[in-house]
Number of protein chains: 2
Amino acid sequence: MKEKINLHSEQFLNELTEFLSIPSISSLSEYKSEVKRSAEWLAHALEKAGMENIEVIETTGHPIIYADWLHAEGKPTVLIYGHYDVQPADPLELWDSPPFEPVIKDEKIYARGATDDKGQLYIHVKAIDLLMKERGSLPVNVKFCIEGEEEVASPNLGPFISENKEKVAADAVLISDTSFIEKGQPAICTSLRGALALELEVETANTDLHSGSYGGGVPNAVHGLTELLASFHGDDGQVTVEQFYEGVPEPTEELRSEAAKIPFNEKSTKEALDLESFYGEKGFSFQERTGIRPTLEINGVSGGFAGEGLKTIVPGKAQAKISCRLVGDQDPDYIYKQIEQHVDKYKPQGCRVRLNQLITAKPVSLDSRHPILQKAADSFERVYKVRPLFPKEGGSIPIVEVFSRVLSAPVVLMGFGLPTENLHAPNEHFHIENFTKGIETVCDFLNEI
Amino acid sequence: MKEKINLHSEQFLNELTEFLSIPSISSLSEYKSEVKRSAEWLAHALEKAGMENIEVIETTGHPIIYADWLHAEGKPTVLIYGHYDVQPADPLELWDSPPFEPVIKDEKIYARGATDDKGQLYIHVKAIDLLMKERGSLPVNVKFCIEGEEEVASPNLGPFISENKEKVAADAVLISDTSFIEKGQPAICTSLRGALALELEVETANTDLHSGSYGGGVPNAVHGLTELLASFHGDDGQVTVEQFYEGVPEPTEELRSEAAKIPFNEKSTKEALDLESFYGEKGFSFQERTGIRPTLEINGVSGGFAGEGLKTIVPGKAQAKISCRLVGDQDPDYIYKQIEQHVDKYKPQGCRVRLNQLITAKPVSLDSRHPILQKAADSFERVYKVRPLFPKEGGSIPIVEVFSRVLSAPVVLMGFGLPTENLHAPNEHFHIENFTKGIETVCDFLNEI
């Protein structure tokens, strides 16, 4: 199989380049038609690979793609999930090459979506293609259920799965949308943090005011917002929202020793990112802070005049975006209510505050001892000559919890990304070695279960 | 004179409309050629009005316009100052009509620069024009010294005045760039606050990072910035920068009773601006806070992702613009150093902070008992039938301090704006009544001194 992959790798990369050239940014409405074009491109690729019953299913947002091949009688059914939508590309000026004109450099392919998730998703399309060409059939039954709204928290896929339980029923769910620990060290993620995201707007007046005539005498929306935002964390790095830590598992020796197993090089991370220091909750390591602890991060802020030069105004409006990562039994809806109360309690004088919930996802936990996860580990080991670790991932894939709950099937998070591949940031890329070895690993896994 | 003005008012307004149509935004480099076009338009208008020795003097920024008429032997010389540059127009979506397509509605002319300062400046051009047409000469010697950089704090006019003391020497300086107390109540401003403006940038990493992988474990530039910005004010509304209040005059009974004379309607201001409450230093009234007290205001803030939707990032960079209004003997350079120290002391862990000074201007004070200010008051009274008040203005016109110091001449701040005319904000406008009565007042003043 390895030889076949190498033989076709140039063609595979050309196809991936085409896929990556479509700016399928799901969060920006002006890209709606590009997101659809991306869905159609992928549906066509699945057809060419030999999948059947292909559907591009319209939703109130972006389409879901379904496809299956169900002729492996008596064999288990694997549902493959991935997403063809990508994050926005800005700030554009920090990209070394345009985000939607893929470039291959130093054995990596650079483009928005390269590692998250088009490159990883396309591994599965090519694995099916090769197996089909080699054997004329697949060793197991396969379903694809692919969405275009992962980056906006999957508002339509959850309901679709609940309403189409039989259609998507499977013995295992296979997802490649996570990362290795580092180059050469594969990982099967066993925990994903939940998420809660919201917008917060502060308004003090119906217009910006001249700072000479009104400054010092009327409330300033940016002052109000910054005061409010600064109230979310204590000096010890803890989140100060009341009851925020309710449902967070006690950091037992076992949890801590698991987290400590994740290799992490403080010095090289500091250098690569030009950090002056790390940061976070007192008494926890970096791996614990980003793996087993919940967080509240301000993702962006804006208000008043921020262009070239100066406008001497008292801003009348300012806004921020905030997201939380949740663990254990933390409930996003409950946390949202607690944040509402916090904002109400701490809002400065003269400020009208509006909150708007954007995303919720429950945390999810997977058992590394499950035979199917162990089989996935065997496949990784055969290809990479290293047994994967089973880390707890700091990120969130909201739909995993839904798959796990609704289908009652084990979810295998067989990620081929690297944590250094700038996902959600400028110069996102994907290592070609993990693209080709990924195809080999997936073929091995489907052959062996 | 009144009849003549009314006879020509339509033509005058057509000319002003032309002047206002040129987007002479001095702070944005892409408008440089428009700023120049505005200067040339005005130079031509001065020539048509009968002024002589007209020069459009290039600087490292935008041109200074000089013109004179010096044939009134034995009579005093009046130097008229104004500015032909304007503030940026954003946020554009809040304008009811395009900012550079002037519209006349309800006896007001709407456009960026209508009241600040093109409309007020053009009053003087038309006053000279009419006097010249009526008498064939002027009652006094007149010089014009007009700049295109007032909205960026006059970096070139100060040095120009110092280097051309004789050229611009005068017995009085006449400026219309301030406001009435309210409709029907003229004012001659006797005090302008000083100014200090700066940019503050916080950097924590060389890129934005995925909040799932890094959130809670690395410093967040927006957290750092908001914490820092929130540290500038105490709960009592006071500025917490050390020694900030050094040089601020004691709020004596006299100062307070002067401030109290300025009519201010709390209820109607609150309603018009949709304020929930006023704000400011404990123990001071609105008029005191905006007139005799110094302030520190955040004019704008930005960082991370603030567009449509969500990007779950830990921002690596964030920035703010800050400006102070200064009074009495406060020194902008000293305050800047104190702010540097404050930032150094309060900067959160892991934050690299950069400061950049944008503007400095010293506070200025004028004596209302000076005969020339009293003559200006007489002219106002003859036209408006109300004697003007002599308020302390909260804003800053940096060049006034320079005129006052270098030329040792009294400065007459004969403003024709209204405080409700949205200067520096969307839907800026100018009352046509004050445009025509302004011409009458200026003619009267030049005739009487």
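This tour moves from the whole of chain A to its sheets, domains and helices, and then to the contact between the two chains.

The model is predicted: local features need pLDDT of at least 70, side-chain atom pairs count only at pLDDT 80 or more, and totals for chains, interfaces and linings use all residues. Residues are numbered from 1 along each chain as its sequence is written, while chains are lettered from A and ligands numbered from 1 in the order in which they are written.

**Stop 1: the whole of chain A**

Select chain A and display its C-alpha trace, which spans about 80 × 50 × 45 Å along its principal axes. For 449 residues, a compact globule would have a radius of gyration near 22 Å, and the 23 Å of chain A agrees with this. That radius is taken over C-alpha atoms, and the globule rule is 2.2 Å times the number of residues to the power 0.38.

Switch to a cartoon view: chain A has 14 helices and 18 strands. Both kinds of element are DSSP runs numbered from the N terminus, helices being H or I with at least four residues and strands E with at least two.

Of the 449 residues in chain A, 56% are buried. A residue is called buried if 20 or more other C-beta atoms lie within 10 Å of its own, exposed if 12 or fewer do, and partly exposed in between, with C-beta atoms placed from the backbone. Among the contacts in chain A with a separation of 6 or more, 80% are between residues 24 or more positions apart. Two residues are in contact if their C-beta atoms, placed from the backbone, lie within 7 Å.

**Stop 2: a hairpin**

Next, select residues 52-57 and 64-69 of chain A, which are strand 1 and strand 2. These strands run antiparallel and are joined by four bridges; strands count as paired if DSSP finds at least two bridges between them. Six residues lie between strand 1 and strand 2 of chain A in this hairpin. To see one facing pair, show I57(A), which stands opposite I64(A) in strand 2.

**Stop 3: a sheet of three strands**

Now select strands 15, 8 and 16 of chain A, which form an open sheet in the order 15-8-16 with mixed pairing. Strand 15 (364-365) and strand 16 (392-393) stand at the edges, each with a single partner strand, so one side of each has no neighbour in the sheet. Strand 8 (residues 191-192) pairs with strand 16 in the parallel sense over two bridges. Within this pair, L192(A) stands opposite E393(A).

**Stop 4: two domains**

Colour domain 1 (2-192 + 363-448) and domain 2 (194-248 + 294-361) of chain A separately; their bounds come from an automatic or database domain assignment. The C-alpha centres of the two domains lie 35 Å apart. Where they touch, six residues of domain 1 are in contact with nine residues of domain 2.

**Stop 5: helix 13 and L373(B)**

In chain A, select helix 13 (residues 398-406), where P398(A), I399(A), V400(A), V402(A) and F403(A) are buried. Just after this helix, S408(A) takes a positive phi of about 50°.

Move to chain B and find L373(B) in helix 12 (residues 371-384). L373(B) has 22 C-beta neighbours inside 10 Å and therefore counts as buried. Leaving aside residues up to four places away in sequence, L373(B) touches I188(B), S368(B), P410(B) and V412(B).

**Stop 6: where the chains meet**

Finally, show both chains together. The contact takes 83 residues from chain A and 82 residues from chain B. On the side of chain A that touches chain B, strand 11 supplies the largest share, nine residues. That side has 32 nonpolar, 37 polar and 14 charged residues. In this count Ala, Val, Leu, Ile, Met, Phe, Trp, Tyr, Cys and Pro are nonpolar, Asp, Glu, Lys and Arg are charged, and the others, Gly among them, are polar.

Select strand 11 in each chain: the two strands pair in the antiparallel sense over five bridges. Here G303(A) stands opposite V301(B).

How can chain A be laid on chain B? A turn of 180° with a shift of 0.0 Å along the axis does so with an RMSD of 0.1 Å. The two copies are thus related as by a two-fold rotation axis. The superposition is by least squares on the C-alpha atoms of residues with pLDDT of at least 70 in both copies. Of the interface residues of chain A, 99% are also interface residues in chain B, so the copies meet through the same surface.
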